[in-house]
Amino acid sequence: MQLIITEKDNAARRIAEILSDGAAAAERRNGVNVYRWAGTSVVGLSGHVVGLDFPPEYANWRDVEPAELIDADVVTEPTQENIVRTLEGLAREADEAVIATDYDREGELIGKEAYELLRAETDVPIRRVRFSSITEREVREAFEQPDDLDFDLAAAGEARQIIDLVWGAALTRFLSLSARQLGEDFISVGRVQSPTLKLIVDREREIQAFDPEDYWELFADLAKNGDGFEAQYFYDDDGTEAERVWDEETAQAVHERLRAATSAEVISVRKRTRTDHPPAPFNTTAFIGAAGSLGYSAQRAMSIAEDLYTAGYVTYPRTDNTVYPEDLEPDELLDAFVGSPTFGEDAESLLALDERTPTEGDEETTDHPPIHPTGELPSRGELSEAEWEVYELIVRRFFATVAEPATWAHLRVVAEANGCQLKANGKRLVEPGYHAVYPYASTSENYVPAVEEGEQLAIDDVRLEEKQTQPPRRFGQSRLIQRMEDLGLGTKATRHNIIEKLYDRGYIEGDPPRPTALAEAVVEAAESFADHVVSDEMTAQLEADMAAIADGEATLEDVTEESREMLERVFRELRDSREEIGEHLQESLKADRQLGPCPECGEALLVRQSRQGSYFVGCDGFPECRFTLPLPSTGEPLVLEETCEDHDMHHVKMLAGRDTFVHGCPRCAAEEADESEDRVIGPCPECGESHGGELAIKRLRSGSRLVGCTRYPDCDYSLPLPRRGEIEVTDTYCEEHDLPELEIHDGDGDPWELGCPICNYREYRAEQEIDDLEDLDGVGAATAEKLGDAGIEEPTDLTEVDADDVAAEVQGVSASQVREWQAELPS
C-alpha cells in the first residue's frame with residue numbers, strides 16, 4: 001500500500017480526489033478520515049500532531065524558578081493522539097510513504113514529524129512531494145517527480161519552536177509571577193510578540209507626545225464662463241511652494257486681499273501626461289494590505305486565502321515572491337477565465353492586447369510563486385461572500401499584472417488675484433489600462449477646465465480655513481505587518497498570527513490597534529530592566545540564524561544554544577528588579593480597569609470580578625469604601641476611551657460574541673433605573689392566581705430591562721427585553737397569555753413589533769438554539785470542517801476545550817473567536 005500524508009484533512013480529500021479520478025472512498029479510523037482506492041491511502045494531519053514542551057517536573061509555575069527553563073530539556077509529546085494512532089497503524093500496512101505537507105518551513109517540519117512517526121513503525125521508502133497549488137496538473141506533476149525531505153529546512157522550523165517555547169515560557173512566567181497575575185490572566189511575552197508590541201507602543205507615544213500647531217489655508221472658487229473649479233492659495237517659501245500659512249494675521253490679510261479681488265488672471269498653464277504602471281504581483285504582505293482595504297483583518301484574510309488554496313483555486317498564500325516563474329503562461333491562465341460570467345469579458349480584453357508582459361516586484365524567491373489564481377474556477381455559489389470577495393481580489397490582481405499601464409492627463413493652472421497666487425491641479429484618466437480590470441486602486445479625477453494664459457476668471461467665493469497639524473496615524477494591521485517585515489520580525493507565515501495573539505492577550509484593542517495600559521507597562525518594564533526582550537535587532541538576528549539553518553550554514557544545536565545564552569543575559573538583567581517590575585505591572589493592570597472617580601470617596605472605580613465569576617464596579621478604596629455598581633450579566637467588560645460628560649466615567653462594552661453591546665456609563669445606567677417606575681402590564685403566569693403576582697416592565701441598575709414579577713424575590717419569573725429604544729405598551733392583547741403586545745421605538749424608522757413578551761421570548765430561544773457549529777457567529781462550512789478535523793464536531797464539544805489550544809491547532813481561528821463561541825453556548 002502507498003500511504004500519502006498531507007497537512008490537513010481537506011488537502012487529503014482534494015489530493016485523493018485528483019489522484020483517484022474521483023474513485024476514492026472515505027473511511028473513519030479513530031475519528032480520522034482516511035481516503036482509499038486501489039492500494040493507496042491518504043490521511044490528513046491537523047498541522048502539528050506532536051508538540052514541544054518541558055518535562056512534567058517543570059509544570060508547576062510556583063515550584064520552578066523561571067530561569068530554570070532556560071537550560072531545561074525539551075520533549076516531544078503527541079498533541080493529536082487519535083491522528084498519531086491512525087498514522088502509526090497505516091504505517092504498519094504501508095509499502096511506501098509519500099509526505100505531501102505544505103511547501104514551506106512549517107510544512108517541512110510537520111513532514112519531518114510525520115517521517116519520525118513512520119520511522120518508529122516501519123523502514124519502507126519515504127519520499128517528499130512539493131507543489132504550490134492543489135490543482136490536478138501540479139499535484140500529478142509533483143507525484144511523478146518525488147524528492148526527499150529537506151531536513152535543514154525542517155530543522156529551521158524546529159529551532160523556531162524550541163526558541164519560542166523557551167523564551168516565551170521563561171519570560172511569561174517571570175513577569176506573571178512578579179505581578180502575581182496567574183491563571184487565565186497571565187502576562188504573555190514572546191520573542192517576536194514583544195518587539196512587535198513595542199512598535200505599537202512607540203507609535204502611541206509619538207501620538208501622545210504630539211503638540212499640534214495651528215495653521216490656515218485659503219481657497220477660492222474660480223469660474224470660466226460659469227464652469228467652476230477650486231483653487232488654493234500658495235506662496236514661495238525659499239523656493240518651495242507652500243500652502244499652509246502659520247501666522248493668523250498674515251492669513252487674515254491674504255483673505256481680505258482675495259475677497260477684494262473681482263477676478264483672477266491666468267499666468268501659467270502646464271499640461272503633461274503621466275504613466276500609471278500596474279501593480280506588482282501579490283506576495284503575502286501585499287495581499288494582506290489589499291485585503292485590509294476591503295475590511296479584512298490580517299488573520300481573516302490569510303484564513304480565507306488558505307481555504308481557497310486547499311480547494312485548488314489559488315496558489316499557496318505564504319510567499320515573499322513578487323516575480324512570476326518563467327513557466328507561467330499568462331495567456332493560458334487568462335484563457336481559463338474566458339466564458340466566466342464575472343471575469344470572462346475582462347479576460348478577453350486582456351487576450352486581445354498586442355503584448356502581455358507581467359509586472360515584477362523587488363523580491364524573487366524560489367519557494368513559491370506570487371499569489372495568483374490557478375485557473376480552476378469556482379462558481380459563485382460554491383464560495384461564501386467573503387471567500388468570493390477575496391478570490392476576486394486575487395484574480396483581478398493577476399489581471400492587473402498583465403494589463404497595460406494607465407495614462408493620466410494632468411493640467412496645472414496658476415492664476416493671480418490682487419497679488420495672491422492661486423493654483424489648481426486637474427487630472428483626468430485618459431487610458432484606464434489596468435484600472436479597467438482592477439477596481440481597487442483610486443481613479444478619482446479632479447476637473448479643471450481648459451484655460452489659456454491671460455484669461456480672466458471670475459472669483460465666486462473665498463474661504464479661510466483654520467486647521468491643526470495632525471499626529472502620526474496608528475499602524476493599521478497591514479502597515480504593521482510591513483514594518484515587521486522591514487525589521488525582520490517573524491516570517492510571512494507567522495506575522496498575522498502574532499498580531500492576533502496581541503489581541504487575544506489584551507495587549508491591543510480596536511482597529512487600527514491601540515495598546516492597552518498593560519501593553520505599555522510590559523514594554524516600559526522591558527525597556528527599563530531588560531531591553532533585549534523588546535529588541536528587534538536581537539529577534540532579527542535569531543531569524544537570520546534560523547534562515548542559516550535552512551541554508552545548511554548553521555545547525556539547530558548552535559542556534560538554540562546561542563538563543564539560550566541571549567536569554568541568560570536577559571535574566572541577569574531582570575533578576576535584581578523583580579519586585580520593582582511586579583509593582584509596576586500591577587499598577588498598570590489596575591489602570592486598564594479604571595473607569596473614573598468614586599462619587600463617595602474620590603478613589604478610582606475599577607472593573608472587578610466576584611468569586612462567582614460575575615463582573616461589577618467596585619471602589620479601589622475597599623474595604624474602607626464599599627461603593628459598588630452592577631454590570632450586565634452577559635459578556636466580559638471592556639473599558640472604552642469614551643467618557644461620560646456627567647460623571648467623568650469611561651463607558652463599558654460587554655463582549656459576548658454576536659450579542660456584544662455597549663453598556664455605556666455604569667452610573668448613568670444605575671441612576672436611570674433608580675429614577676424609573678415599574679409599569680404593570682398583566683398577571684404573572686407563575687404566581688398570579690395563587691398570590692396575586694403581576695408582571696411589570698422593570699429597568700435594572702445593571703442597565704438591563706425585563707418583564708418581571710412584582711413579588712420578586714419570592715417569585716423570580718422574568719423575561720428579557722431589548723436594552724435600547726422606547727417601549728410602548730399597545731392596546732392589542734395576546735389571547736394565549738392575556739398580556740399586551742409591545743413595540744420598541746428606536747429612531748425614525750418603523751417600530752419593532754415585539755408582540756407578547758412571553759411569545760417573543762419563546763421565539764427568541766428557538767432562534768438562538770445552537771444545533772450545529774454553523775449556527776455560531778462567523779462559522780461557515782469551511783471553518784466547521786476545520787474544527788471537525790480538530791475533534792470539535794458539535795457545539796457542545798467547544799465547552800470542553802481550551803481556547804488557546806484550539807487556536808494553535810486550527811489555522812485561521814483565534815483564541816478570542818473560540819471564547820466568543822463559548823460565550824454563545826448555553827451555560
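In strand β13, A409 is the bridge partner of T273. The model is predicted, and this pairing is a place to start reading it. The pair belongs to a longer contact: strand β12, residues 263-276, is joined to β13 by 11 bridges, and the two strands run antiparallel.

On to the next strand. β13 is also joined to strand β14, residues 420-431, again in an antiparallel arrangement and through 11 bridges. Within this pairing, L411 stands opposite G426 of β14. The connection between the two strands is a hairpin, with 2 residues between β13 and β14. One residue of that turn, N418, has a positive phi of about 55°.

How much of β13 is buried? The strand covers residues 406-417, and 10 of its 12 residues are buried, so β13 is largely enclosed by the rest of the structure. Buried here means under 20% relative accessible area.

Now take a helix. Helix α9 runs over residues 298-310, which makes 13 residues. From its first C-alpha to its last, α9 reaches 18 Å, close to the 18 Å expected at 1.5 Å a residue. After α9 comes G312, with a positive phi near 90°.

Is α9 enclosed or open to the outside? Of its 13 residues, 12 are buried, so the helix is largely enclosed by the rest of the structure. The buried residues of α9 include A298 and Q299 at the start, M302, I304 and L308 further along, and Y309 and T310 at the end. E306 and D307 in α9 are buried as well. An α-helix has 3.6 residues a turn, so residues three or four places apart point the same way.

Conventions: Residues are numbered from 1 along each chain as its sequence is written. This is a predicted model: local features need pLDDT of at least 70, side-chain atom pairs count only at pLDDT 80 or more; totals for chains, interfaces and linings use all residues. Side-chain values use heavy atoms; hydrogens and water are left out. Helices (H or I, at least four residues) and strands (E, at least two) are DSSP runs, numbered from the N terminus. The expected span of a helix is 1.5 Å times one less than its number of residues. Buried means under 20% relative accessible area, exposed over 50%, partly exposed in between (1.4 Å probe, protein chains only). Two strands pair if DSSP finds at least two bridges between them.
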